[in-house]
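Here are some exercises to work through with the structure open beside you. Try each task on your own, then follow the solution step by step.

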Amino acid sequence: MSEAEAEERASVVDPDDERMIINMGPQHPSTHGVLRVTMELQGETVLRSKPVIGYLHTGMEKTAEDLTYLQGPTNVTRMDYAAPLFTELTFSLAVEALLEIEMPDRATWIRMLMCELNRMSSHLLFLATNGMDLGAVGMMIYGWREREEVLRFFEKVTGLRMNHNYIRPGGVAADLPDGWQEDVQNILKVLPERLEQFDVLMTGQPIWRERTQGIGVITTEEALAMGATGPILRSTGYAWDLRRAMPYLAYDQVDFDIVVGTYGDTFDRYAIRLNEIRESMRIVEQCLELIPDGPYRAEDRKVTPPPRARIDESMEALIHHFKIFTEGFKVPPGEVYTAVESPRGELGCYLVSDGGPKPQRMHIRAPSFVNLQTLPHMMHGGLLADAIAVISSIDPIMGEVDR
Amino acid sequence: MTESPASVDEEIESAEQDMPEDDVERLHGSAVVVNNNQTVVHTGKAEYHDLIQSLNDDGYGVCVDLCGVDYLGNDTRSLPVTVTAERFELVVNLLDVQASRRLRVRVQLSEAAPMVATITDIHPGAEAMEREANDMFGLEFEGHPDPTPILLPDDWQGHPLRKDYSMGRIPVQFKAVDGR
């Protein structure tokens, strides 16, 4: 545009037109990482908005093509850093589907136990950040404290608080440590009381309700058209949960309820996550009772490394160990899509193998990436102050959005 | 995955009557195979949009995933005899939330013209995914409402997930150790 043109255009602007375009983020404390939202405002009302993403894009799908299947989980676990075990799980399930190997029961149940604990820690993180975004600053400390209880258990089992690389193709990295039952029972003992406190702090509070009820409403049809899954879809009253609709692991053997909302607003999405913690606790309790004994990974020496002690006495064990950790195991050619219900919705992995030890293509269907598309729709016609509440209620994890 | 081949079979039968005679199973005129218990429909770019529309009418109303694949240098791919292999594939995962079943559509796209009609008019949720496929593979979606880069910077050259896009490397500088 030349200067003359610009001047001409500036002169025809309606002086009563108070619309303006502002950028929120990418550096904003309540955008959960580096999310930028471009908004067109009329006074305090949001007319149009557009999430601008990609600030955290690190090419993880390209990286995956350069890692063996055994190294794969170290990569994917860094996508959704609040719920890393789910990405490891969906990747491992995809590899196992191509390998066509049977999983020992104990491995399946350990995976389920760990994933449900992870769902609890992820939702507790949501409660912390959601509370902070809406002005309940104390909630940030409480949510983080409760999450730490779970992370401490993860550290004991996997060695790390986050980015565990615990669920691997062929099973899990290690058996649960001695005395794990007491640790889990301790978590289950302290949490219900704390969740009651959250109810007192937030759920019943008139200020909290006014800040969340009727804000960012979405209908079932809109959510399905946008591909939104997880708490966003369930908040509209549609009981869609992959654990129930298309059971994987051993979810068909445990008893739990799907929590649904009614109005599809920010409050429903908050309440669903709070109550899903309670449902996850029910599943964890049943895991404590029902978890079987046996091997914690597939006894297939082409896929899982032999026990350390065997390496000293068996030549074959040494060869298998060496092959797995240098070249990696080969996966038959083919393509597969697996999906699990992560705390944010359907987390899928599309895997293409060319018969070699590294994937030809590894694509993660990230729920946050798809759910974020509903943002302009939820914010339309709302107040600028409510935009924060709506972004927070989607619970996007930018590592997963941008990958 | 709880695919239900039985219910798909019914549809195949009903669609089969006016189809050419070969031993390839068909759904709305496109070849169907079952891989690892998952139903996969192979199609070309001309039939793609109509196929998605017909499947949408059949109940596959949610587009859960859409991504590109580059098959450069991969000769292990098995395709039905009616499908001509091309370098790129567009893979669309559809979900039927009423009947709890999934279906995957694989579209062959040539290297010379990796263009295909957008499905955002049927599934608005495919918008971000199509933009991502455009970024990563250079697949073009005709009629897309906002064909701008989504994950890559606006001035990025090339399409990183193509197999002939080399990985950038920064050479490691080793310092000389004293006393050796």
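**Exercise 1: a hairpin in chain A**

How many bridges join strand β2 (residues 36–42) of chain A to strand β3 (residues 45–52) of chain A, and do the strands run parallel or antiparallel?

Solution. Keep in mind throughout that this is a predicted model.
- Step 1: Count the bridges between β2(A) and β3(A): there are seven.
- Step 2: Check the direction: the two strands run antiparallel.
- Step 3: Pick out one pair: L41(A) has V46(A) of β3(A) as its bridge partner.
- Step 4: Look at the turn: two residues sit between the strands of this hairpin, and G43(A) has a positive phi near 65°.

**Exercise 2: the overall build of chain A**

Work out whether the radius of gyration of chain A agrees with that of a compact globule.

Solution.
- Step 1: Take the rule, 2.2 Å times the number of residues to the power 0.38.
- Step 2: For 403 residues this gives a value near 22 Å, and chain A has 23 Å, so the two agree.
- Step 3: Add the dimensions: the C-alpha trace spans about 85 × 55 × 35 Å along its principal axes.
- Step 4: List the parts: chain A contains 18 helices and eight strands.
- Step 5: See how the chain folds back on itself: among contacts with a separation of 6 or more, 68% are between residues 24 or more positions apart. As for burial, 50% of the 403 residues count as buried.

**Exercise 3: positive phi without glycine**

Find where N163(A) and D395(A) lie, and decide for each whether it is buried, partly exposed or exposed.

Solution.
- Step 1: Start with N163(A), which is in the loop between α6 (137–158) and β4 (167–168) of chain A. Its phi is positive, near 50°, though N163(A) is not a glycine.
- Step 2: Count neighbours: N163(A) has 17 other C-beta atoms within 10 Å, so it is partly exposed.
- Step 3: Move on to D395(A), in the loop between α17 (384–394) and α18 (398–402) of chain A. D395(A) isn't a glycine either, and its phi is positive at about 55°.
- Step 4: Count again: D395(A) has 26 other C-beta atoms within 10 Å. Being buried takes 20 or more, so D395(A) is buried.

**Exercise 4: the contacts of I394(A)**

Say which residues I394(A) touches, leaving out those up to four places away in sequence.

Solution.
- Step 1: Locate I394(A) in helix α17 of chain A.
- Step 2: Test burial: I394(A) has 25 C-beta neighbours inside 10 Å, so it counts as buried.
- Step 3: List the contacts: I232(A), N371(A), L372(A), T374(A) and L375(A).
- Step 4: Take one of them, T374(A): it is 20 residues away along the chain, yet its C-alpha atom is 8.7 Å from that of I394(A).

**Exercise 5: a helix and a sheet in chain B**

Check whether the length of helix α2 (residues 45–58) of chain B fits the expected span, then find out what the helix packs against.

Solution.
- Step 1: At 1.5 Å a residue, the 14 residues should span 20 Å; the end C-alpha atoms are 20 Å apart, so the check works out.
- Step 2: Name the buried residues of α2(B): Y48(B), L51(B), I52(B) and L55(B).
- Step 3: Think about the spacing. An α-helix has 3.6 residues a turn, so residues three or four places apart point the same way.
- Step 4: Find the partners: the buried residues of α2(B) pack against β2 (30–35), β3 (38–44), β5 (88–96), β6 (101–109) and β7 (115–117) of chain B.
- Step 5: Place the strands: six form an open, mixed sheet in the order β1-β2-β3-β6-β5-β4 (chain B). Its edge strands are β1 (26–27) and β4 (62–70) of chain B.
- Step 6: Zoom in on β2(B) and β3(B), which run antiparallel with five bridges. Here V34(B) stands opposite T39(B).

**Exercise 6: where the chains meet**

Describe the side of chain A that touches chain B by the class of its residues.

Solution.
- Step 1: Count both sides: 35 residues of chain A are in contact with 30 residues of chain B.
- Step 2: Find the top contributor: β6(A) gives the most to chain A's side, with five residues.
- Step 3: Sort chain A's side by class: 15 residues are nonpolar, 11 polar and nine charged.

Definitions and conventions
Residues numbered from 1 in each chain as written. Chains lettered and ligands numbered in written order. Predicted model: local features only at pLDDT ≥ 70, side-chain atom pairs only at ≥ 80, totals over all residues. Helix = DSSP H or I, 4+ residues; strand = E, 2+ residues; numbered from the N terminus. Expected span 1.5 Å × (residues − 1). Buried ≥ 20, exposed ≤ 12 C-beta atoms within 10 Å, placed from the backbone. Contact = placed C-beta atoms within 7 Å. Nonpolar A, V, L, I, M, F, W, Y, C, P; charged D, E, K, R; others polar. Pairing = 2+ DSSP bridges.
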